[in-house]
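User: Hi! Could you walk me through some of the packing in this protein?
Analyst: Happy to, let's look at it together.

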Amino acid sequence: MSKAKCIGVPEKCWHSRRLISKSSKGVHVISKSREEVLQAHLYILNNTDEVLPYFDTHKDIVKYKNPRQSEKWVLIWHNKTFMSWFKQQIMNDPSASETLTWLAKGLKFDVLCCSGYEVNGYLFYTKSRDDRSTVQNSGVTLEAESMQFSTVKDQNPVVGSMPYYGIIVEIWEVNYTKFTIPVFKCK
């Protein structure tokens with residue numbers, strides 16, 4: 001056993017300071033459907049601390065204007081209308097930060113697709129790249145809070161926390177002109 005090598009534990013971290021997305025290996029520009037890219041944009045907005053107060057304000061406005069609608073309807077309508085409302089709010093606010101301004105202007109619809117990406121010192125691969133490797137870096141877990149509905153007719157949803165486990169199938173670098181944001185598409 002003293003001569004045996006560990007399986008799945010690389011001896012040398014040759015990629016420790018390299019962003020895989022910046023290399024030419026496994027990187028290409030793809031055109032995605034408008035719906036997929038807008039869904040990624042809404043996800044980014046929903047997970048940006050500076051945008052969260054705008055989310056709360058917009059939900060309150062939707063509830064106020066539609067007092068007889070269910071919580072589920074309010075959430076669906078909020079998701080459909082938030083991006084255009086947010087853009088209007090930011091473009092009319094000269095004191096908005098540069099980050100908020102670029103997020104409000106929106107993203108480019110051609111996204112950079114990579115087979116690997118380093119985030120905060122951790123390297124992630126797509127499942128297809130993992131299949132060709134001796135180590136596994138495509139597994140992910142996420143603790144998500146969301147409105148949970150027991151049935152389609154449920155009028156009293158609750159906020160619940162649920163763990164999700166999966167694999168990365170695509171890694172996108174979404175371009176907002178002044179900065180890019182990585183998005184992991186998972187199953």
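User: Phe82 and Phe86: buried or exposed?
Analyst: Both Phe82 and Phe86 are buried. Keep in mind that this is a predicted model. For Phe82, the relative accessible area is 0%, which puts Phe82 below the 20% cut-off for buried.

User: How far apart are Phe82 and Phe86 in helix H3?
Analyst: They sit four residues apart in H3, so about one helical turn separates them. Their rings form a stacked aromatic pair, with 5.4 Å centre to centre and 20° between the planes.

User: And what about Phe82 and Trp85, what kind of aromatic pair do they form?
Analyst: That pair is tilted. The centres of Phe82 and Trp85 are 5.9 Å apart, and there is 40° between the planes. The label follows because planes under 30 degrees apart count as stacked, over 60 as edge-to-face and the rest as tilted. Phe82 and Trp85 are three residues apart in H3, so they too are separated by about one helical turn. Trp85 is buried, at a relative accessible area of 14%.

User: Which residues form the aromatic cluster?
Analyst: One cluster brings together Tyr54, Phe55, Phe82, Trp85 and Phe86.

User: How many aromatic pairs does the count come to?
Analyst: Seven aromatic pairs.

User: Switching to helices. At what angle do H1 and H3 pack?
Analyst: About 75°, with the axes 11 Å apart. H1 covers residues 34-46. That angle makes H1 roughly perpendicular to H3, because 65 to 115 degrees counts as roughly perpendicular.

User: Which residues meet there?
Analyst: From H1, Leu38, His41, Leu42 and Leu45; from H3, Asn79, Phe82, Met83 and Phe86. So Phe82 and Phe86 turn up again, here facing H1 residues in the contact. By class, the contact of H1 with H3 has six nonpolar residues, two polar and no charged ones.

User: Nice. And how do H3 and H4 cross?
Analyst: The axes of H3 (residues 71-91) and H4 (residues 98-105) come within 9 Å and cross at roughly 140°. That makes H3 oblique to H4, and their crossing is left-handed.

User: Which residues make that contact?
Analyst: On the H3 side, Phe86, Lys87, Ile90 and Met91; on the H4 side, Leu100, Thr101, Leu103, Ala104 and Lys105. Phe86 is therefore listed in the contact of H3 with H4 as well as among the H3 residues that meet H1.

User: How many of the residues in the H3 and H4 contact are charged?
Analyst: Two are charged, alongside six nonpolar and one polar.

Terms used:
Residues are numbered from 1 along each chain as its sequence is written. This is a predicted model: local features need pLDDT of at least 70, side-chain atom pairs count only at pLDDT 80 or more; totals for chains, interfaces and linings use all residues. Side-chain values use heavy atoms; hydrogens and water are left out. Axes are lines fitted to C-alpha atoms, for helices over the stretch in contact, and angles run from 0 to 180 degrees between N-to-C directions. Helices (H or I, at least four residues) and strands (E, at least two) are DSSP runs, numbered from the N terminus. Angles under 35 degrees count as roughly parallel, over 145 as roughly antiparallel, 65 to 115 as roughly perpendicular and the rest as oblique. A crossing is left-handed if the near helix is turned anticlockwise from the far one by less than a right angle, and right-handed if clockwise. Contact means heavy atoms within 4.5 Å. Ala, Val, Leu, Ile, Met, Phe, Trp, Tyr, Cys and Pro count as nonpolar, Asp, Glu, Lys and Arg as charged, and the others, Gly among them, as polar. Rings of Phe, Tyr and Trp (its six-membered ring) pair if their centres lie within 6.5 Å; planes under 30 degrees apart count as stacked, over 60 as edge-to-face and the rest as tilted. Buried means under 20% relative accessible area, exposed over 50%, partly exposed in between (1.4 Å probe, protein chains only).
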